[in-house]
Amino acid sequence: MSRYLVTGAAGFIASRVSQFLMDAGHTVVGVDNLNDAYDVRMKDYRLQRLQKQELFNFVKMDISDKDAALALVDKGPYDGVINLAARAGVRQSVENPWVYVNTNVNGTLNMLEVAVRTGTKKFILASTSSIYGSNPPIPTPETASSDYPLQPYSATKKGAEALCHSYHYLHNLDVTIFRYFTVYGPAARPDMVMFRFCQWIAEGREVRVNGDGTQSRGFTYLDDIARGTILGLKPVGYEVINLGGHQVITINDLIHKVEDLVGKKANVIYQDRHPADVMENSANVDKARSMLGWEPQVSLEEGIPNLVNWYLSERSWVSQILTP
Ligand SMILES: NC(=O)c1ccc[n+]([C@@H]2O[C@H](COP(=O)([O-])OP(=O)(O)OC[C@H]3O[C@@H](n4cnc5c(N)ncnc54)[C@H](O)[C@@H]3O)[C@@H](O)[C@H]2O)c1
């Protein structure tokens, strides 16, 4: 069985990736600094579930701290480093770009060093669809331009991707970069639209929508993303691969679906659209299909009820979670 270093392990995606790795019998060294980018109770919830399992070893640390990061060398060797820790989110990066550069660029550099210094052959980086800017071809292939990031978040991911390429070139590190499109599922990030809509509708709060709600998103279910990420552990050389859902839905239709499932009418307040928001996003996943044999399996018809039912079953505490 193998041993993987997973950063951001208390996070939405990395906690699921860690779970899937352990389900397959692998050991996970999970790293997270449990920062307060969003309500930390959500991170504690995910982490507690992982920490109940013997195959999980948690290290609380900041990946942007070089000395702390390099201490992970002594905890090696690893069969792969899966670097999913990041400051995520487009809008917050406009307000505090420094923390994004520290985590997403310096942190990735530190994890690349850990990989090289432990003789690790495989590195996975989480990147983002927002790297494609405001007007990419739809559905967006990996060949679409990512040369002109529109906010610091995308710019830091672009920098992280470039660092990965240099380590691949210099050290022959095998790298898979995943550009995830919008992800949703149980224990979702509270700053993202799916969680907010569930909470706001279920609790009778105002449902704030940026723009008129006609913008659409290709949502991808968490388990599909976690499965795809693990498929990316196979040797590929250096590849950038989209992982995204095959189904697109407008924000207004999403509200209607959640209303039906929760059994309450939403009190929708339409606000000005933020310039950092794109009108449409949807992934071309031909490359993931052909290189990894990956196919999204969970439809919105199945995935949205999974999230809403999770919310309702955990309502006693998730109703309190702060949604920025
Ligand atoms: N969720 C999405 O829709 C989405 C879309 C595109 C890309 N991504 C990328 O996928 C990855 C995972 O995203 P997520 O949605 O699970 O986010 P998340 O915020 O839930 O998870 C990230 C985790 O990393 C940890 N972290 C942040 N900075 C750290 C640091 N300096 N040191 C150690 N740990 C740190 C956080 O505490 C958090 O638990 C990120 O790289 C993100 O940019 C996510």
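Me: Which element gives the most to the shell around the ligand?

Reply: In this predicted model, β5 gives the most, with three residues. Strand β5 spans 122-128.

Me: Which elements each supply at least two residues of that shell?

Reply: Look at α1 (12-23), β5 and α6 (152-171). Each of them supplies at least two.

Me: How many residues surround the ligand, and which are the closest?

Reply: A residue joins the shell if one of its heavy atoms lies within 4 Å of the ligand. Here 30 residues surround the ligand. The closest are D32, Y38, Y153, K157 and R189. By type, the shell divides into 17 nonpolar, eight polar and five charged residues.

Me: Where do backbone atoms come in?

Reply: Look for pairs of N or O atoms within 3.5 Å. A backbone N or O atom of V183 lies 2.9 Å from a ligand oxygen. For G11, the distance from a backbone N or O atom to a ligand oxygen is 3.2 Å. At N33, a polar backbone atom is 3.1 Å from a ligand nitrogen. The ligand on its own has 820 Å² of accessible area, and the protein covers 97% of that.

Me: What are the domains of the chain?

Reply: Domain 1 is 3-183 + 220-243. Domain 2 is 184-217 + 247-281 + 299-318. Their C-alpha centres lie 25 Å apart. Their contact takes 22 residues from domain 1 and 23 from domain 2.

Me: How do I read the size of an interface?

Reply: It is often given as the accessible area lost when the parts come together. Here the two domains bury about 2,000 Å² between them, 63% of it on carbon and sulfur atoms. In domain 1, M42, R91 and Y221 lose the most area to domain 2. Together they make up 31% of what that side buries.

Terms used: Residues numbered from 1 in each chain as written. Predicted model: local features only at pLDDT ≥ 70, side-chain atom pairs only at ≥ 80, totals over all residues. Heavy atoms only, no water. Polar contact = N/O pair within 3.5 Å; in protein donor to acceptor, adjacent residues only side chain to side chain. Areas by Shrake-Rupley, 256 points an atom, 1.4 Å probe, with all protein chains shown as cover. Helix = DSSP H or I, 4+ residues; strand = E, 2+ residues; numbered from the N terminus. Nonpolar A, V, L, I, M, F, W, Y, C, P; charged D, E, K, R; others polar. Domains from an automatic or database assignment. Contact = heavy atoms within 4.5 Å. Buried area = accessible area lost by both parts, 1.4 Å probe.
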